[in-house]
Amino acid sequence: MEIVRNPTRSVKIGSVTIGSGHEIAVQSMTATKTQDIDATVAQVTDLEKAGADVIRIAVDSKKDAEALAEIRKQTSGNLSVDLQENYRLAELVAPHVDKIRYNPGHLYHHEREKPWQEKVEYIIGVAKDNDCAVRIGVNCGSVDPAKLAQYDKEDSITPMLESAWEHCDLVDSLGFDRYCVSLKDSDPQKVIEVNRRFAEKRSDVPLHLGVTEAGMPPDGVIKTRIAFEQLIGNGIGDTLRVSLTVPNSRKGEEIEAGRKILADIKAGRLRTVLDYGLQTLNIISCPSCSRVENEAFVDLAAKVKELTEYAKDHKITIAVMGCRVNGPGETDDADLGLWCGPNFVNLKRGGEPLGAFDYDEVLVRLKDELDQLISAQTVG
C-alpha cells in the first residue's frame with residue numbers, strides 16, 4: 001500500500017516536500033523552555049535524530065523570538081513555529097524558521113478592533129518575504145468565536161470547517177499556495193469526520209493530521225491510530241504528529257509511534273479495535289510542550305489515570321491540560337477538567353470553575369467530584 005496522497009499542489013517546508021504524492025512527513029514539538037537555548041537545541045537535535053521531519057517550537061514573546069534566532073544558528077533541522085496569540089511575532093520569527101503556524105481562533109486576542117483578514121494578510125506577507133510555508137491550524141478548543149456563534153453548540157465540526165475553508169479562500173486570494181491545514185480534536189472520530197469533510201471540498205490542500213491532547217501512552221497512541229488508520233488508509237493526510245503526555249526525555253516516543261503507525265498502514269496491518277463511542281472513561285491530556293508552566297503536570301496526568309481506574313466502565317471524560325493556552329477553553333467540554341498553572345491546578349466540572357487547588361490537594365477533590373458523577377449516573 002502506498003501511503004501517499006495526491007493533492008494538486010505540494011508545499012515545501014525546508015528540505016521536506018508534502019503533497020503531490022510524496023511520503024507522509026512526521027512532525028514533533030519541543031517541550032523545553034524556548035529561552036533555555038542549550039536545552040532546546042539539544043532536544044531539536046534529539047528529535048531530528050529520532051526521525052522528525054519538521055520540529056515545532058513555541059514562541060510566546062519577543063525574548064522567545066530572540067532565543068529562536070540563536071537556536072536556528074545551532075541547528076540544521078526543518079523548524080516550524082507556533083505564533084500562539086500574538087500574530088505580530090511573525091516578523092521576528094520568520095527569518096529563522098521554515099514554517100509558520102497560526103490558529104484562526106487566536107487572532108482575536110491582540111488588536112481586537114482589527115479585522116482578522118488584515119492579520120492574515122500580514123502573516124502571509126511575512127511568509128512570502130521570508131520564504132516560509134504556513135499552516136492554518138484549527139483546534140476544537142479554540143475555534144473562531146464568530147463561527148461558533150453561527151451554529152448549534154452540539155455541532156463542533158461545522159464551525160471548524162467553515163473557519164478553515166474561509167481562511168483558505170482568503171490565502172488563495174492573496175496569491176499564496178505554500179500552505180497546509182490542520183483540523184484537530186481530542187476525539188478521534190471527530191478528527192476522522194472533520195478531515196474527511198474538508199478533503200471532500202478542498203482535495204488540493206495538503207492536510208496535517210493529529211489527535212490533539214491524545215493523552216498518555218498507550219491510550220494516546222491508540223486514539224491516534226484510530227484516526228490515522230481511517231484517514232491515511234483512505235489517502236487523506238500529508239504530515240502528522242502524535243501528541244503524547246510524556247516527560248521531556250521521552251519525546252522521541254511520539255516520532256516512534258508515528259513511524260510505527262505509518263509502517264503498519266503501509267503493510268496493511270490495521271489494528272484499530274477500540275470504539276470511543278462506548279460507555280467508558282475517557283482521559284484526555286495535552287502533550288508535554290514548552291508552554292507547560294509546571295512540569296508536575298506530567299506526573300499529575302499519570303496520577304489522574306491511576307486514581308480513576310475504578311471508574312473505567314463509566315462514560316465520563318476527564319481533561320488534564322498543562323497551560324493557560326489549552327487549559328481554559330479545552331476543558332470546557334469535559335465532565336471534569338484540570339488545567340495546570342505554575343502553582344495551582346484549576347478544577348472545573350462541566351465548564352464551571354470549582355476553584356484552584358495545590359497540586360497535592362487537587363486529586364482528593366477530583367475523586368470527590370468523580371464519585372458524585374458516578375452516583376448520578378447510577379441513580380439515573
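1. Is Asp131 buried or exposed? Asp131 counts as exposed because its relative accessibility is 58%, where exposed means over 50% relative accessible area, buried under 20% and partly exposed in between, with a 1.4 Å probe and protein chains only. The residue sits in the loop between helix 4 (116–129) and strand 7 (133–139). Its phi is near 60°, a positive value in a residue other than glycine.

2. On the basis of the model: this is a predicted model, in which local features need pLDDT of at least 70 and side-chain atom pairs count only at pLDDT 80 or more, while totals for chains, interfaces and linings use all residues. Residues are numbered from 1 along each chain as its sequence is written, and side-chain values use heavy atoms, with hydrogens and water left out. Helices (H or I, at least four residues) and strands (E, at least two) are DSSP runs numbered from the N terminus.

3. On the barrel: eight strands close into a barrel in the order 3-4-5-6-7-8-9-10, with parallel pairing; two strands pair if DSSP finds at least two bridges between them. Within this order, strand 8 (residues 179–184) and strand 9 (residues 207–209) pair in the parallel sense over two bridges. Ser182 stands opposite His208 of strand 9.

4. On the segment between strand 9 and helix 8: two backbone features deserve comment here. Glu213 lies in the loop between strand 9 and helix 8 and has a phi near 50°, a positive value in a residue other than glycine. Glu213 is classed as buried because its relative accessible area is 1%. Pro218 belongs to the loop between strand 9 and helix 8, and the peptide bond from Pro217 to Pro218 is cis, with omega near 5°. For context, most residues other than glycine have a negative phi, and most peptide bonds are trans.

5. On the cavities: a search of the whole structure finds two cavities of 30 Å³ or more. A cavity is a set of points, on a 1 Å grid over the protein atoms alone, where a 1.4 Å probe fits but cannot get out, and lining residues have an atom within 4 Å of a point. Grid points are joined across faces, edges and corners, and a volume is the space filled by probe spheres set on the points. The second largest cavity holds about 40 Å³ of space. Its lining consists of Ala214, Gly215, Met216, Asp219, Gly220, Lys223, Ile283 and Lys305. Helix 8 (residues 219–232) supplies the largest share of that lining, three residues. By class, the lining has three nonpolar, two polar and three charged residues; Ala, Val, Leu, Ile, Met, Phe, Trp, Tyr, Cys and Pro count as nonpolar, Asp, Glu, Lys and Arg as charged, and the others, Gly among them, as polar.

6. On strands 11 to 13: strand 12 (residues 317–321) is mostly covered, with four of its five residues buried. Strand 12 pairs with strand 11 (residues 282–285) in the parallel sense over four bridges, and Ser285 stands opposite Val320 of strand 12. Four bridges also join strand 12 to strand 13 (residues 336–340), and these two run parallel. Ile318 stands opposite Leu336 of strand 13.

7. On the annotated site: an unreviewed UniProt entry places the feature "binding site" at Cys286, Cys289, Cys323 and Glu330. Such annotations may be inferred rather than shown by experiment, and the positions are given in the numbering used here. Cys286 is located in the loop between strand 11 and helix 10 (296–307), and it counts as buried because its relative accessibility is 3%. Cys323 is located in the loop between strand 12 and helix 11 (327–330). With a relative accessible area of 2%, Cys323 is therefore buried.

8. On two side-chain contacts: Thr308, in the loop between helix 10 and strand 12, counts as buried because its relative accessibility is 0%. Its side chain reaches the backbone oxygen of Val304 at 2.7 Å. Gln372 lies in helix 12 (residues 362–379) and counts as partly exposed because its relative accessibility is 37%. The side chain of Gln372 makes a polar contact with the side chain of Arg349 at 3.1 Å. A polar contact is a pair of N or O atoms within 3.5 Å; within protein, one must be able to donate a hydrogen and the other to accept it, and residues adjacent in sequence count only if both atoms are side-chain atoms.

How values were computed: On a 1 Å grid over the protein atoms alone, a cavity is a set of points where a 1.4 Å probe fits but cannot get out, and a pocket is an open set with protein on both sides within 12 Å along at least five of seven lines; lining residues have an atom within 4 Å of a point.
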